[in-house]
Structures are given as structure tokens and as C-alpha cells.
Protein chains: 2
Amino acid sequence: MGDTKTRILDAAETLFAEQGFTATSVRQLTASAGVNLASLHYHFGSKDGLIEALFERRLQPLNRERLALLDALEKRHRGGPIPLPSLVEAFVGPPLRLSSASSEGGERFMRLMGRAFSEPEQHVAQIFLSQFKELARRFIPAFRRSLPHLDEEEVHWRIHFMVGSMAHTMAHASRVSQLLERCCVPQDPEQLLARLVPFLVAGLESPRPAGVEEAVP
Amino acid sequence: MGDTKTRILDAAETLFAEQGFTATSVRQLTASAGVNLASLHYHFGSKDGLIEALFERRLQPLNRERLALLDALEKRHRGGPIPLPSLVEAFVGPPLRLSSASSEGGERFMRLMGRAFSEPEQHVAQIFLSQFKELARRFIPAFRRSLPHLDEEEVHWRIHFMVGSMAHTMAHASRVSQLLERCCVPQDPEQLLARLVPFLVAGLESPRPAGVEEAVP
DNA sequence: GATAAAATCAAACGGTCGTTTGATTGAAAC
DNA sequence: GTTTCAATCAAACGACCGTTTGATTTTATC
């Protein structure tokens, strides 16, 4: 079961992932966790404080892992361009792998992260994005080195597209799109990566698009 | 100004896109539209009824346009495989072009559509997805014909990835990701397409990934 | 075993939520 | 001018929201 704090965080991951942040009430949350209503505010101060703690608990080790992978890649290639598949893997691999069976509760957090990317509420988005400053500072130059045929703006856009595919996959991996009238097939994260990474690599390294004027500074 | 019904729909597009469905109250909505609180329920029955009407108003002509483009392409290529760039354009072009200045209020609806793809609330998602049955029935076989080197499951996954990039771009086009510490550059939809389509085409037509077992029926 | 701090509890706070009511308006139909 | 009916209005409905209170229980310290 674990202590109250953990039980609240676990319940919050599940419910926020299923229903969103605003649609989940603290009453429903504490009831689901089997704790008293007031203990949420005792431990986290507010609902927003809970959301913040929730992201920190998972995102900090996650992004540390991504940066460690990037460190290793940069060391191995001595600051030169990193092969794109490895670089993409280092970026999308850790979050997608969180869905593995071993990391208990990982899948629900993966869905939650997918949600957070498209969360309209400003405060949630801000909490979420603040966890990525360091990640962007390190990964963007790496992508630029690995995509020398593209200017800065184009690299930014392609990273944007990549994040979109990743977030959408994380949010809806368990139901590979009702659009397609397919029943849900739970996916091994390694197989998911084996499909996603080549798709992204091909898109990222495709030639510079015609018909887009160069950025003027 | 327009009549009450239209004013509510317009205000709903703006507020839902900015704040999400659950976070926007009917009071805030009717106040923003400059109409009486009760008129929302008079014209739409409920908040959910409004959401449904909101999607129908835009999605019906939008998907009709997509299908018309597909019709034209299939006719031109006599049922044979359609060149991938044209097919992708027919799929992602109409929604992204909704942001053009001419179609008033299009941009806010584009953001709203991006939101709806990742809306946790079941009812909203269901309303939204019901608009796409016909679209999937027509576009999936077309993609299969244009991607003969891929099996059915891989095509489904790649369409899934494509939808992710599209939805993320629609939801966050105006702020090309705070992740990248870039200030917002409002984008001409044609330039946006000139970037997105080649990215998606390259990803879609990349070779069949290794390490993924064939689907067994 | 007394003391102090940390944690849990039932109960209530003021507000806002989506929705409903019943009266009132305005324009068309006769 | 009367009737009719769709549309708008102010006001209120009960339910639920996030948060706070103050008493009570548990846990650790001496």
C-alpha cells in the first residue's frame, strides 16, 4: 500500500491520466487513494502542488536518464554528429519505455505525460514545461549537429513534429486509434520504439523542404 | 454579431480552445458571447450538446473537403496508388489550412481540434471520433495502396504517428513549442504544410522496420 | 509515562458548477 | 386586436468544487 503521500500520487496518476486534471476532483482522488480528504492539502498544499509533485517524481529521473544517454553518445562520438537513430532513441526511448511491465505504474504516467503536452490550463503546462529547460538546452544543439543540412528553424519544427508523434503515441498507445476501427492491442515498448524511431528518423533527415523561405534575422 | 446560436458557437470555439472543455464554464461562455445564460440550454440542450454542435459545424465541411480531394486523386490515378505527397496533403491540408486568414475563426478551431484529439473526457472524445468513421474507411485503403511495402498493422501505426504530428502542430502551431525557448512566430499555413508534409512523407514511406514481427492472424 | 511533533479525521467554509424554472418579450399568423 | 409561439430574461435549484478548521489520533523523543 505505501504511505499516504505515495498512495495519493499513485491515485492521481491514474485518475489524471484517465480524466484529465480539471475533470478530476480532490474528493474523487482521495477516495480512490483511500485517504482522508484533507491529507492531500496537508502533504501537497493544494491540488496544483500535487500536480507539481507528481511531475517531479517521474520527470526528474526520466530526464536525467535522457541526459545520461546523451552524455554517453557525445562522449562516444567525441562531440561530432551523433547518428540520428541513436539520438532519437535517447530522446523518445526513456519515456516510451516507462510503459514496461517492470516499472509499475509507468504506463499510466506515460498516458499522463501525453495529456500534459496538450493541457490547455496554463499552470499545468507551465509546471510541465519547466521540467524540460535543461533537456532542450542539451538536445537541440545535438540535433542541429546531426542535421547539418537544415537551418535552425527547420530543426525546431521537425523536433516539434517529433514531439507530436511521441506525445500522441504516449497518450493513445493502448488504443492504437479508434479512428482505425482497430481493437486495442497492448504493445511491447520495444516493438513500439522499433516502429516509431525509424519513422521519426526518416522524417527528420529528409531533405530541406522547397517552398519555405530561409529565416531572415 | 450574428444570431445567438452563432455567437455562442463562436465564443465556445475561442474559450474551449484556450482553456479546454471542462475548465470553461457555461457562465463564462455565455458572458463572453454576450447572451443570456439560459439561452445555451435553450438552443443546445446542454453543454455537451453545444460541444457536439460545435464539432459538427466545422468537421462536416472539413471532412467533406478531404474526401472530395481523395475522390479527385483516385479518379486521376484510376484506382492505382496515389503519390504519397498528394495523399498526405489531402489528409492534413484541409485542417491545417483552416487557420488561413480568410476562414474567420479558423485558427481557434484548429487549436480546438488539436485539443480534442487528446481530450481525456470520454464523451468529448466520442463525439469527436464519430465524425471520422467515413474518413478512415476511405483513407486507410488509399494509404495501403500507396505503401505497398508495409503490412496492414505498420500502416496503421504510421497513420497514428502522422495524426500525432498533425494534432500537436494544430494545437500548438501558434507557439512553436516553449520547449525550444522560441518566441511565437505565427505561421502561414502553406509554409507550415511545406514543412510538415515532406516530414510525414519521408516517415511514412521509409522501409519496413526491422525487429518487428509480422502480424499473425 | 510524559511531552511534542506529525499525521489523520469529520465537518464545514464560501464559491462555482450545469441546469431548470416561470415570467416576459417580440414578431409573425389569423 | 387577439392568439401563438419561439426567444430571452432574472432568479434560483441542488450538487459539487478546492480549501480550511480544530479536534483527535498516531508516532517519535526524552
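**Reading the DNA surfaces and helix packing**

Author: Helix 3 of chain A contributes the most to the surface near DNA strand C, giving 4 residues. Please bear in mind throughout that this is a predicted model.

Reader: Which elements supply at least two residues of the surface near DNA strand C?

Author: There are three such elements: helix 3 of chain A, and helix 2 (26-33) and helix 3 of chain B.

Reader: Which of the 16 residues around DNA strand C come nearest?

Author: Both protein chains are represented: Thr4(A) and Asn36(A) come nearest together with Ser25(B), Ser46(B) and Lys47(B), out of 16 residues around DNA strand C. By class, the surface near this strand comprises 7 nonpolar, 7 polar and 2 charged residues.

Reader: How should I read the surroundings of DNA strand D, and which residues come nearest there?

Author: The reading proceeds in the same order, from residues to elements to classes. Around DNA strand D there are 16 residues, of which Ser25(A), Ser46(A), Thr4(B), Asn36(B) and Ala38(B) come nearest. Two or more residues of this surface are given by each of helix 2 (26-33) and helix 3 (37-44) of chain A, and by helix 3 (37-44) of chain B. The largest share, 4 residues, belongs to helix 3 of chain B. The classes on the surface near DNA strand D are 7 nonpolar, 7 polar and 2 charged.

Reader: By what is a pair of packed helices described?

Author: The description rests on the angle between the two axes and on the distance between those axes. Take helix 4 (residues 47-76) and helix 8 (residues 133-146) of chain B: their axes come within 10 Å and cross at roughly 30°. Angles under 35 degrees count as roughly parallel, so helix 4 of chain B is roughly parallel to helix 8 of chain B. The crossing of these two helices of chain B is left-handed.

Reader: Which residues of helix 4 and helix 8 of chain B meet?

Author: From helix 4 of chain B come Asn63(B), Arg66(B), Leu67(B) and Leu70(B); they meet Glu134(B), Leu135(B), Arg138(B), Phe139(B) and Ala142(B) of helix 8 of chain B. This contact holds 5 nonpolar residues, 1 polar and 3 charged.

Reader: At what angle do helix 8 and helix 9 of chain B cross?

Author: The axes of helix 8 and helix 9 (residues 152-172) of chain B cross at roughly 115° and come within 10 Å. Helix 8 of chain B is therefore roughly perpendicular to helix 9 of chain B. The crossing is right-handed. On the side of helix 8 of chain B the contact uses Ile140(B), Phe143(B) and Arg144(B), while helix 9 of chain B offers Glu152(B), Val155(B) and Ile159(B). These residues divide into 4 nonpolar, no polar and 2 charged.

Reader: How many helices and strands does chain A have?

Author: Chain A has 10 helices and 0 strands. Of its 217 residues, 44% count as buried. Among contacts in chain A between residues at least 6 apart in sequence, 67% join residues at least 24 apart.

Reader: Why does Arg115(A) count as buried?

Author: The judgement rests on a count of neighbours, and 20 or more suffice for a residue to be buried. Arg115(A), found in helix 6 (residues 106-117) of chain A, counts as buried because it has 23 C-beta neighbours inside 10 Å. As for distance, Arg115(A) and Ile140(A) are separated by 25 residues in sequence and by 23 Å in space, C-alpha to C-alpha.

Note on methods
Residues numbered from 1 in each chain as written. Chains lettered and ligands numbered in written order. Predicted model: local features only at pLDDT ≥ 70, side-chain atom pairs only at ≥ 80, totals over all residues. Near = placed C-beta within 6 Å. Nonpolar A, V, L, I, M, F, W, Y, C, P; charged D, E, K, R; others polar. Axes fitted to C-alpha atoms, helices over the stretch in contact; angles between N-to-C directions. Parallel < 35°, antiparallel > 145°, perpendicular 65-115°, else oblique. Left-handed = near helix turned anticlockwise from the far one by under 90°. Contact = placed C-beta atoms within 7 Å. Buried ≥ 20, exposed ≤ 12 C-beta atoms within 10 Å, placed from the backbone.
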